[in-house]
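Colleague: I would like a close look at one part of this model, taken slowly enough for a first-year student. Please start from the whole chain, then go to the salt bridges and what surrounds them.

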Amino acid sequence: MPLSSDQLAEIEAQRAQSHPTRRVVAAGMEDHLYTAHQVLDHGFVRVIDYMGDDAAICQAARVSYGKGTKSVQNDEGLIRYLMRHWHSTPFEMCEIKLHVKLPVFVARQWIRHRTANVNEYSARYSILDREFYIPAPDHVAAQSEVNNQGRGDALQGEEAARVLEMLKADSARCYDNYEAMISQDGQQGLARELARMNLPANIYTQWYWKVDLHNLFHFLRLRADPHAQYEIRVYADTMCKIVADWVPFAYKAFEDYRLGAVNLSAQMVDSLRRMLAGETVTQENSGMTAREWREFEAVIRKS
């Protein structure tokens with residue numbers, strides 16, 4: 001279980017609280033506050049706090065008071081204009097703080113996004129739980145033949161079973177040795193800050209992660225992409241659902257102009273115009289490399 005009975009009781013107590021406020025609240029986000037959304041086998045994402053809503057984005061854009069809007073239609077239109085023309089500052093006026101539980105190897109990918117405030121569970125001070133990410137059989141895959149940083153088809157039969165057994169056995173053995181090293185039963189015990197080096201990258205860690213909406217959208221554009229590694233993409237997918245409830249106008253604009261959009265080089269735009277004019281365009285006369293041409297075809301031929 002990703003949460004203990006004590007943790008679940010604490011969450012229920014937090015959700016039962018109600019505080020009067022003059023600050024803007026988003027009804028969709030209020031429903032998410034403190035709730036743990038399960039991800040992978042032991043992970044979760046939960047909202048701890050947030051600031052702002054769609055109207056706050058418009059207020060900042062107009063540098064005005066109150067709701068800073070003439071009508072709901074004007075708000076949505078302005079947000080779409082800001083997103084379409086890459087005006088990022090108004091989106092920075094909204095912030096979210098998340099409590100995330102995730103495997104260490106996912107955390108090391110995640111921390112590459114250096115525009116957030118992060119405070120992580122410390123294995124120097126505390127003992128990590130015996131919780132490891134073990135992929136489902138359909139996610140135990142071979143190395144991709146075309147992408148050096150991706151996976152290909154799922155392993156089958158005996159090989160898949162053998163890999164899963166090795167992952168489980170190695171995780172258990174490493175944790176057994178970790179416990180033996182830090183134990184003070186009949187020995188001094190190794191310092192936790194040293195013993196942690198023996199733990200595998202699939203052990204779970206936790207952190208608080210606070211980020212503004214502009215940088216969150218950048219994170220989601222990369223990590224919710226179908227080409228992102230599955231184990232981080234499922235966190236991004238969960239966060240997308242939360243953000244859609246928090247700032248629905250901004251998220252719809254993000255879907256239309258970022259997630260569902262593509263970037264075309266000058267050569268790609270030129271080739272597309274030539275095709276529309278009836279000209280036969282090939283990789284050889286496009287000015288693109290073979291890889292660029294494959295990517296271009298994947299966009300224009302997508303079913």
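Modeller: Of the 303 residues in the chain, 36% count as buried. The model is a predicted one. Its secondary structure comes to 13 helices and seven strands, and the C-alpha trace spans about 80 × 60 × 30 Å along its principal axes. The accessible surface of the chain is about 18,000 Å², and carbon and sulfur atoms account for 50% of that. Among contacts between residues at least 6 apart in sequence, 68% join residues at least 24 apart.

Now the salt bridges. Side chains of opposite charge can pair when their charged atoms come close. The structure holds 15 salt bridges. One of them is formed by the side chains of Glu231 and Arg151, with 2.5 Å from N to O. This pair links distant parts of the chain, since Glu231 sits in helix 9 and Arg151 in strand 6 (residues 151-154), 80 residues apart. The two ends differ in their cover: Glu231 is buried because its relative accessibility is 3%, under the 20% limit, whereas Arg151 has a relative accessible area of 34% and is therefore partly exposed.

Another salt bridge stays within a single helix. Asp270 pairs with Arg274, and their closest N and O atoms are 3.5 Å apart. Both residues belong to helix 11 (residues 266-276), where they are four residues apart, about one turn of the helix. Asp270 is partly exposed, at a relative accessible area of 38%, while Arg274 has 16% relative accessibility and so counts as buried. Arg274 also takes part in a salt bridge with Glu279, side chain to side chain, at 2.9 Å from N to O. Glu279 is partly exposed, with 39% relative accessibility. Elsewhere, Arg80, Lys252 and Asp256 are joined into one network by salt bridges that share partners.

Helix 9 leads on to the nonpolar interior. In soluble globular proteins, nonpolar side chains tend to be buried together. The largest nonpolar core here has 50 residues, and those touching the most other members are Trp110, Trp209, Leu213, Leu216, Tyr235 and Trp246. Helix 9 (residues 230-246) supplies the largest share of this core, nine residues. Apart from it lies another core, of ten residues, which includes Val104, Tyr178, Ile182 and Ala195. Back in the first core, Trp246 has contacts beyond its neighbours within four places in sequence; among them are Ala26, Met29, Tyr50, Cys94, Ile96, Leu213 and Leu216.

A polar side chain can be buried as well, as His99 shows: its relative accessibility is 9%, so it counts as buried. His99 lies in strand 3 (residues 95-103). Its side chain makes a polar contact of 2.7 Å with the side chain of Gln206. Leaving aside neighbours within four places in sequence, His99 is in contact with Phe44, Val45, Arg46, Ile48, Gln206, Trp207 and Tyr208.

Last, the surface. Leu190, Leu194 and Met197 make a nonpolar surface patch of about 290 Å². Leu194 is in helix 7 (residues 192-195). With a relative accessible area of 39%, Leu194 is partly exposed, because that value falls between the 20% and 50% limits.

Methods. Residues numbered from 1 in each chain as written. Predicted model: local features only at pLDDT ≥ 70, side-chain atom pairs only at ≥ 80, totals over all residues. Heavy atoms only, no water. Patch = residues over 30% accessible without salt bridge, like charges linked within 9 Å, V, L, I, M, F, W, Y side chains within 5 Å. Areas by Shrake-Rupley, 256 points an atom, 1.4 Å probe, with all protein chains shown as cover. Salt bridge = Lys/Arg side-chain N within 4 Å of Asp/Glu carboxyl O. Helix = DSSP H or I, 4+ residues; strand = E, 2+ residues; numbered from the N terminus. Buried < 20%, exposed > 50% of the residue type's maximum accessible area, 1.4 Å probe, protein only. Polar contact = N/O pair within 3.5 Å; in protein donor to acceptor, adjacent residues only side chain to side chain. Contact = heavy atoms within 4.5 Å. Core = buried A, V, L, I, M, F, W, Y, C linked by side-chain atoms within 4.5 Å.
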